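Here is a friendly walk through the model you have open. Take a moment to turn it around before reading on.

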Amino acid sequence: MVIGMQWQLGIDLKLVHFLVVSGVLFCIGIFGVLSRRHLVQILMSIELILNAVLINLIAFSSFTTPDEVIGQMFAVFVIVVAAAEVGVGLAIILSVYRRKKSVDIDNINILKW
Amino acid sequence: MKKWKKRSKAILSFILFVIISLILIFSAIMVISAKNIVHSAFYLAVTLLCTAIFFILLRAQYLAAVQILVYIGAVVVLILFALMLTRTAVGQSTNISSKQTVFAAIVSFLLFAALSVVFNITNMGGLDSVSQINIISIKDFANILFSKYALPFEVASVLLLAALVGSVVLAVRDKRDDKEIKQEDNNKA
């Protein structure tokens, strides 16, 4: 395998194009989760990460198993779990806000002793 | 003539891909760097819309529709409601980044470098171009979902029910809770 073969980015859309964009999106999401202070913003960064994963799943599904829909099925279930996660996460944020009157992650140290 | 038509189609979808991915990355950066948190929620909607267009480029029309319905229709609205209910400094430029920004930047950059190396040296296989993907109709999709994947479908419905009940339990205002918080405040004072 010659190194650099995948980077021959022609005019045709290939699998690697989608993978690079979803990699960028994933890294932006990781940066957001690690560096932001607002709880809701961290939740939004998690959404970015999940979307990068979705692009990956569907790209691999379309390119490597074009006759089956394994990756797309998986993506449907990822969307379901993401919706449930957002619902529960925002409920937790509301309840934390009610108790601490703040959504700044630096002020939330209830589990720390 | 037919070949030329095919070629121009490929060029068009490539240009569309480049434009959409630039918008996607810009709005994703704005999601985490916008000073006003409400703006970052709207930028999140733009990001999700661009993802849906990616799905259409990948010939997954059904998932593009689901993406717009579930994410933009439900998740972004839910986030905006949470922002409204927590009433935190809307419209103010607050100090949004924590102390570990530099560290986080290094980690995410290293992660991207590692990913690029992996993309570079791996032979992915599969089709050569996006134009060779055949569209799977919603009918076939539904047939597979309700036959082969019926059990995961049921489990997902149970998960959604559990999430519904759980978020109601978490978010409901408990009178006893309010009393405790008041007592704590009094103790502090």
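In this predicted model, helix α1 (residues 2-33) of chain B packs against helix α2 (residues 37-57) of chain B, with an angle of about 155 degrees between them and 8 Å between their axes. Angles over 145 degrees count as roughly antiparallel, so α1(B) is roughly antiparallel to α2(B). Their crossing is left-handed.

If you would like to find this contact on screen, the residues from α1(B) include Leu16(B), Phe17(B), Ile20(B), Ile23(B) and Leu24(B). From α2(B), look for residues such as Tyr43(B), Leu44(B), Val46(B), Ile53(B) and Phe54(B), which are among those making the contact. By class, the contact between α1(B) and α2(B) has 15 nonpolar and five polar residues, and no charged ones.

Stepping back to chain B as a whole, it is divided into two parts, domain 1 (1-91 + 129-136) and domain 2 (149-189). The C-alpha centres of these two domains of chain B lie 31 Å apart.

Now to the partner chain. Chain A has three helices and zero strands, giving the pattern α-α-α along the sequence. Of its 113 residues, 51% count as buried. Among contacts in chain A between residues at least 6 apart in sequence, 44% join residues at least 24 apart.

How do the two chains meet? On one side are 68 residues of chain A, in contact with 76 residues of chain B. The helices α1 (15-35), α2 (39-64) and α3 (70-100) of chain A each supply at least two residues to the side that touches chain B. Of these, α3(A) gives the most, with 21 residues. The table sorts the side of chain A that touches chain B by residue class.

| Class, side of chain A that touches chain B | Count |
|---|---|
| Nonpolar | 46 residues |
| Polar | 15 residues |
| Charged | seven residues |

One residue worth clicking on is Phe63(A), which lies in helix α2 of chain A. Is Phe63(A) buried or exposed? Phe63(A) is buried, because 25 other C-beta atoms lie within 10 Å and a residue counts as buried at 20 or more. Leaving aside residues up to four places away in sequence, Phe63(A) touches Leu15(A) in its own chain, and Gly126(B) and Leu127(B) across in chain B. By contrast, Phe63(A) and Leu111(A) are 48 residues apart in sequence and 45 Å apart in space, C-alpha to C-alpha.

Note on methods: Residues are numbered from 1 along each chain as its sequence is written. Chains are lettered from A and ligands numbered from 1 in the order in which they are written. This is a predicted model: local features need pLDDT of at least 70, side-chain atom pairs count only at pLDDT 80 or more; totals for chains, interfaces and linings use all residues. Two residues are in contact if their C-beta atoms, placed from the backbone, lie within 7 Å. Helices (H or I, at least four residues) and strands (E, at least two) are DSSP runs, numbered from the N terminus. Ala, Val, Leu, Ile, Met, Phe, Trp, Tyr, Cys and Pro count as nonpolar, Asp, Glu, Lys and Arg as charged, and the others, Gly among them, as polar. Domain bounds come from an automatic or database domain assignment. Axes are lines fitted to C-alpha atoms, for helices over the stretch in contact, and angles run from 0 to 180 degrees between N-to-C directions. Angles under 35 degrees count as roughly parallel, over 145 as roughly antiparallel, 65 to 115 as roughly perpendicular and the rest as oblique. A crossing is left-handed if the near helix is turned anticlockwise from the far one by less than a right angle, and right-handed if clockwise. A residue is buried if 20 or more other C-beta atoms lie within 10 Å of its own, exposed if 12 or fewer, and partly exposed in between; C-beta atoms are placed from the backbone.
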